[in-house]
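Open the model in your viewer and keep the selection tool at hand. The tour goes from a pair of helices to the empty spaces in the fold.

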Amino acid sequence: MSERIYLFDTTLRDGAQTQGVDFSVADKVAIAQALDRIGVDYVEGGWPGANPTDDAFFGDPPELQTAKLVAFGMTRRPGRSAENDPGLAPLLTSKATAMCLVGKSWDFHVDVALEIPHEENVAMIADSIRLAGQRKPEAMYDAEHFFDGWKANKAFTLSCVKAAYEAGARWIVLCDTNGGTLPHEVEAIVREVTEHIPGDRLGIHAHNDTENAVANSLAAIRAGVRQVQGTINGLGERCGNANICSLIPSLMLKMGFETGISHDGLKELTHLSRLLDERLERPSNRHQAYVGAAAFSHKGGLHVSAVAKDPRTYEHIPPETVGNRRHIVVSDQAGRSNVVARLEESGIEMEEAALRRLLEDVKDREFQGYAYDGAEASFELLAHHAKGDVPDYFDISRFRVMDERRHNAVGKLITESEATVQVEVQGRQVMRVAMGNGPVNALDTALREAVCEIYPDLTDMQLVDYKVRILPPPKGSTGTDAVTRVTIESEDEMGHRWSTVGVSANIIDASVIALYDAYAYKLMRDGVR
């Protein structure tokens, strides 16, 4: 068996079936190029003829340097020849380098969904793959529901994949379409399949319905398959597909396989993961293996102390191997090591006495409800205030917010928010009033208008995320005095992002505290005195 594993990414096709995901043509081009840059072997671009977006993408596909562009479709319909099938025509005439055709391999589906003789289904597979191989450099067969079919009627399922193999398919992909097969089953079945079809002609396509898609893919590779399919961040219908961001480093770093990805390409993996989330305007999974922001985060003081001596004590690989970075979390569970490491990461030097005071301050504030493990900017401000080297840029003297629900001039029911703020900035009292889409937006607008004349650096920042958590009330309370924690994420025009936190019994007051920190951190980072 060859030790080379071929990577097949189906983010733009199977990943597009994720609820809430809708790729534009520009998204597809950018993601395909990013996959090509890191060295993925196959990029499945979609289904020509299925929708206008895929038609436009395949009509003017991006130029890929190493990856082969794959067009997806299905085998010919019953009662038609492959040459005259309208579903196959757009694939055959597309600019894709390869074709991947899905066909039935479970007798239950042939009987219930297609209602045709088993022999006709096998013929449909053979005819379609043979024609695809004549028209394109590579033809592949996706054996839909392969594992369910194998367990139900091994002889029929084997006849389907052998038909594709004998018709010249470069790859026969074994699909766990319902995602219900477990790793020990996958490995045993694949080993049996390799007695009939060589492993270097087999692929695996696993869904994640039992949270085993990556495990099933690795089990199949152990059993002999040499192509693995997956999606960036595990996108896909229902529970998703095998996550290629986990598969790639596991194959290369843990199992010692060769792929088309170099070690420099591997360092782009975290960027690839974040690029997809940015394109889809969705938050990244902080706890995702290898590439998540928390994948190499350390919170407990004992852990941080050991990591400072040797990161191997609590890290299975160096984070920079996959383009990630180590992150030391500061929280009420933190010890001195956490604070020191976090300060070093931020380039902040602090004397021992001030350091002890800062740690106690952090623990006291987190007892009140603050959480600095998700608000690094507020922590850095707290450290600089402890050192006394950051000014009070302005002081919020008072604020007031009013909400009004009414019918407008055309009779439509609307809700408006109006905020009034008074701030002291450089010895002057400034008052501003602003309307907004909700109280926090109105406050942000009014505050910005009040201070931007003095601090124009704030004009290029915007709020990109706003989270509220109602914390449990203190013991012995009546239950009506619960504390609110607000976390705000901000971004400037250079793409820098930072998070701040505010805590109060009043949600608006908590928002104002977080807003102030967001402004102050931006000014401090820009060197404004």
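Start with H15 and H16, which are oblique to each other because their axes cross at roughly 135 degrees, an angle that falls outside the ranges for parallel, antiparallel and perpendicular. This is a predicted model. To see the pair, select residues 352-368 for helix H15 and residues 376-387 for helix H16; their axes come within 10 Å. The crossing of H15 and H16 is right-handed.

Next, show the side chains where the two helices touch. On H15, pick Leu358, Asp361, Val362 and Arg365; on H16, pick Phe379, Leu382 and Ala383. Five of the residues in this contact are nonpolar and two are charged, with no polar ones.

**The largest pocket**

Keep H16 in view and turn to the largest pocket, which holds about 1700 Å³ of space. To centre the view there, select Arg286, Ala293, Glu376, Glu489 and Ser499, the closest to the pocket centre of the 44 residues that line it. Then colour the elements that each give two or more residues to this lining: helices H12 (269-280), H14 (336-346), H16 and H18 (507-525), together with strands S14 (461-471), S15 (483-492) and S16 (497-504). Colouring the lining of the largest pocket by class gives 20 charged, 13 nonpolar and eleven polar residues.

**The second largest pocket**

Now move to the second largest pocket, with a volume of about 430 Å³. Which residues are the closest to its centre? Select Phe72, Val102, Gly103, Lys104 and Glu144, out of 26 that line the second largest pocket. Strands S3 (68-74), S4 (98-104) and S5 (138-144) and helix H5 (118-135) each supply two or more lining residues here. By class, the lining of the second largest pocket has nine charged, nine nonpolar and eight polar residues.

**The cavity**

The last stop is an enclosed space. How many cavities of 30 Å³ or more does a search of the whole structure find? The search finds one, and the largest cavity has a volume of about 30 Å³. Select Val425, Arg428, Val430, Arg432, Ala450, Glu453 and Ile454 to show the residues that line the largest cavity. Strand S13 (residues 428-436) gives the most to this lining, with three residues. Four residues of the cavity lining are nonpolar and three are charged, and no polar residue is among them.

Technical notes: Residues are numbered from 1 along each chain as its sequence is written. This is a predicted model: local features need pLDDT of at least 70, side-chain atom pairs count only at pLDDT 80 or more; totals for chains, interfaces and linings use all residues. Side-chain values use heavy atoms; hydrogens and water are left out. Axes are lines fitted to C-alpha atoms, for helices over the stretch in contact, and angles run from 0 to 180 degrees between N-to-C directions. Helices (H or I, at least four residues) and strands (E, at least two) are DSSP runs, numbered from the N terminus. Angles under 35 degrees count as roughly parallel, over 145 as roughly antiparallel, 65 to 115 as roughly perpendicular and the rest as oblique. A crossing is left-handed if the near helix is turned anticlockwise from the far one by less than a right angle, and right-handed if clockwise. Contact means heavy atoms within 4.5 Å. Ala, Val, Leu, Ile, Met, Phe, Trp, Tyr, Cys and Pro count as nonpolar, Asp, Glu, Lys and Arg as charged, and the others, Gly among them, as polar. On a 1 Å grid over the protein atoms alone, a cavity is a set of points where a 1.4 Å probe fits but cannot get out, and a pocket is an open set with protein on both sides within 12 Å along at least five of seven lines; lining residues have an atom within 4 Å of a point. Grid points are joined across faces, edges and corners, and a volume is the space filled by probe spheres set on the points.
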